[in-house]
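Biologist: I'd like to zoom in on one small part of this protein today. Could you show it to me first, and then walk me through it slowly?

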Amino acid sequence: MDGDQKWRYFQMLVKLGYKEIEVSFPSASQTDFDFTRKLVTTPGITPDDVWLQVLSPCRKELIGRTVDSLKGAKKAILHLYLATSPCFQQIVFNMNNEESKALAVECTKYARSLTKDNPDQEGTEWAYEFSPETFSDSNMDFVLDVCEAVKAAWEPTVENPIIFNLPATVEMSTPNVYADQIEYFCRNISEREKISISLHPHNDRGCAVAAAELAQMAGADRVEGTLFGNGERTGNVDLVTLGLNLYTQGIHPKIDFSDIKSIIDIVEKSNKIPVHPRAPYGGQLVVCAFSGSHQDAIKKGFQVRKAQKATAETPWQIPYLPLDPQDIGRTYEAIIRVNSQSGKGGVAWIILRNLELDLPRGLQVAFSRIVQKQADAVGRELLPNEIVKLFTEAYHIEKNPRFHLLDYDITTDRSASPAPGGMGKTQSTKNLKRRFSGVIEIDGVEHKLRGVGNGAISSLANALRTLGIDLDIAEYKEHAIGEGKDVKAATYIECTASGSSQKVWGVGIHEDVVQASLVALLSAASSFLASRPSTPIPFRPRPSNNTENLTPSGLSPLRPNDAPQSGPDSQSHVVGHVDEKVNGV
Ligand SMILES: CC(=O)SCCNC(=O)CCNC(=O)[C@H](O)C(C)(C)COP(=O)(O)OP(=O)(O)OC[C@H]1O[C@@H](n2cnc3c(N)ncnc32)[C@H](O)[C@@H]1OP(=O)(O)O
Ligand SMILES: CC(C)C(=O)C(=O)O
């Protein structure tokens, strides 16, 4: 990172709530030195409760330069490291135990003379951190020996403890072994109350998070890591995962992850390394579900929460989602992603979220087949807007290419169904029939139709029947969309084609609930015709010379399967006929 990137990164860490931030290795480069000076000297940039931490090896000239970089800081942690493992001692330093310990003590004393014992540094509250590097590969008793000597050299207090940072410089064991090492150190170091025991796990075996969590349970006080686990090789422990693991256990980490996208943005730009799409919590795919059964369960979970009128205080319990995506600034829209592995639940969720349409189960099944076919055809995930488009086209929501209800009237029909007890007697309102009279444009040609039925829908169904479109209503559902004066009705009608097992769905949305139903039926009629492209129009006008079979009202009698099987107004007897055609045909 250059100075500007470090500047932005530091400000982000402060904003998130971190209180001890290792900002640089000041002896390494002018950039790091200048950056540290800028943090110290720019008023208001480093809050009073934030410690600036800097790192140096146990080399006196480098320690001097490191301390210089912090002159004037309010709170500073000077962090020195020296390897204690036989491997490093032999290969890198060519030192034995005594020489290593002596160097650690010498550098600690030197650091002390430059900092807390230096009258020129009085304005700074100094803390000292020592890391026996490669702790996890060291002899524990030797580490304790070195740390006792370092502690004696620094002379910490309960108020200003020394930090012993015990790194798994290279992760080389299972997390329980690291935790055992930490526990051993905690139990055997003297004056434990004057020590802050810090963890610094790396992720070589992929267990850094587990190691940090177990080692905290084994007695550690503090963890060093990086956001999204950036760091040498496989990286340092990921502080985002550690923090949000706590959060999902009901413990607030006091770090603000509520806008994780912005964090990722800065992290990716600064590190120039993308956050893996499946990185815990932060990855863009981790609050997404592609598979049908997951989507179904998640959708049901959200429905239960809605029914419970859940608030932010209601304990989170949704299958497959370990935390509320909104808590980290993810939107619900992104949760369900649809490809050919997806089922009806996920597809229904997208329609619900985007169009506020709560599809009945049968329609979910029918529409998900359309979606799956499309996903298979294009060989990739379908985006929500593509699914919405498929839906509006399949059910003719925005425009019905074949049918347009231009005008209509629904009236009661007192003549169609004589009341029991003879003609002329007053019918009970319960038995009154409905008459549809209207003008429907089909393929650009206006047809004036009439039909009578038990209700508005069946009266239109019977009017359509006069054109040879024989649809029986098998299922009906409606619900409101929105509320107040902007409320609309959404109606779903499933029809069976008379004399066949073919089923088609229609959807109607309108401010007027009756009109929504009529539109839904015409939507189903369009689907019916779309499935039979060779059907001529007009379809099958009733023969006009069939006088034998006329009912007393002069209309064609019904065949048994003309009657709706179920639905809101399906009962028994429905009739219809073609009136004049306004234009053409
Ligand atoms: C465990 C960690 O990850 S700690 C963080 C490590 N980060 C860095 O190293 C980044 C910054 N480092 C640097 O810029 C450089 O390495 C510097 C400025 C520290 C030193 O640079 P140079 O003097 O050119 O040394 P170089 O990096 O080549 O070699 C390291 C030297 O330091 C010694 N050394 C390594 N670690 C330590 C230590 N903790 N304490 C004392 N000496 C050390 C090595 O033995 C080697 O000494 P040698 O030259 O006598 O063999
Ligand atoms: C400086 C030390 C703590 C380090 O980075 C490591 O050992 O991984």
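Biologist: Here's the part I'm curious about: does A208 count as buried or exposed, and why?

Modeller: Before we zoom in, keep in mind that this is a predicted model. A208 counts as buried, because it has 29 C-beta neighbours inside 10 Å, and the cut-off for being buried is 20 or more. As for where to look, A208 sits in helix 8, which covers residues 208-217.

So who is around it? If we skip the neighbours within four places in sequence, A208 is in contact with E171, P201, H202, N203 and V237. You can also try finding T234: A208 and T234 are 26 residues apart in sequence, yet their C-alpha atoms are 9.7 Å apart in space.

One of those contacts takes us to another spot. H202 touches A208, and H202 is also among the residues around ligand 2. The rest of that shell is L55, Y81, S131, E133, N165, P167, T169 and H200. Two strands each supply at least two residues of the shell, namely strand 4 (125-133) and strand 5 (162-168). Sorted by chemistry, the shell around ligand 2 has 3 nonpolar residues, 5 polar ones and 1 charged one.

Now let's step back to the whole chain. A208 falls within domain 1, which runs over 3-224, while domain 2 covers 292-394 and domain 3 is made of 403-421 + 428-581. The C-alpha centres of domain 1 and domain 2 lie 48 Å apart. In total, the chain has 16 helices and 14 strands, and 40% of its 585 residues count as buried. Taking contacts between residues at least 6 apart in sequence, 65% join residues at least 24 apart.

For a look at how helices can meet, hop over to helix 12 (residues 344-355) and helix 14 (residues 384-394). They pack at an angle of about 90°, and their axes are 10 Å apart. That angle is why helix 12 is described as roughly perpendicular to helix 14. On the helix 12 side, the contact is made by V347, I350, I351, N354 and L355, and helix 14 brings in P384, I387, V388 and F391. Those contact residues divide into 8 nonpolar and 1 polar, with no charged ones. Compare that with the shell around ligand 2, where 1 residue is charged.

Note on methods
Residues are numbered from 1 along each chain as its sequence is written. Chains are lettered from A and ligands numbered from 1 in the order in which they are written. This is a predicted model: local features need pLDDT of at least 70, side-chain atom pairs count only at pLDDT 80 or more; totals for chains, interfaces and linings use all residues. Domain bounds come from an automatic or database domain assignment. Helices (H or I, at least four residues) and strands (E, at least two) are DSSP runs, numbered from the N terminus. A residue is buried if 20 or more other C-beta atoms lie within 10 Å of its own, exposed if 12 or fewer, and partly exposed in between; C-beta atoms are placed from the backbone. Two residues are in contact if their C-beta atoms, placed from the backbone, lie within 7 Å. Axes are lines fitted to C-alpha atoms, for helices over the stretch in contact, and angles run from 0 to 180 degrees between N-to-C directions. Angles under 35 degrees count as roughly parallel, over 145 as roughly antiparallel, 65 to 115 as roughly perpendicular and the rest as oblique. Ala, Val, Leu, Ile, Met, Phe, Trp, Tyr, Cys and Pro count as nonpolar, Asp, Glu, Lys and Arg as charged, and the others, Gly among them, as polar. A residue is near a molecule or strand if its C-beta atom, placed from the backbone, lies within 6 Å of it.
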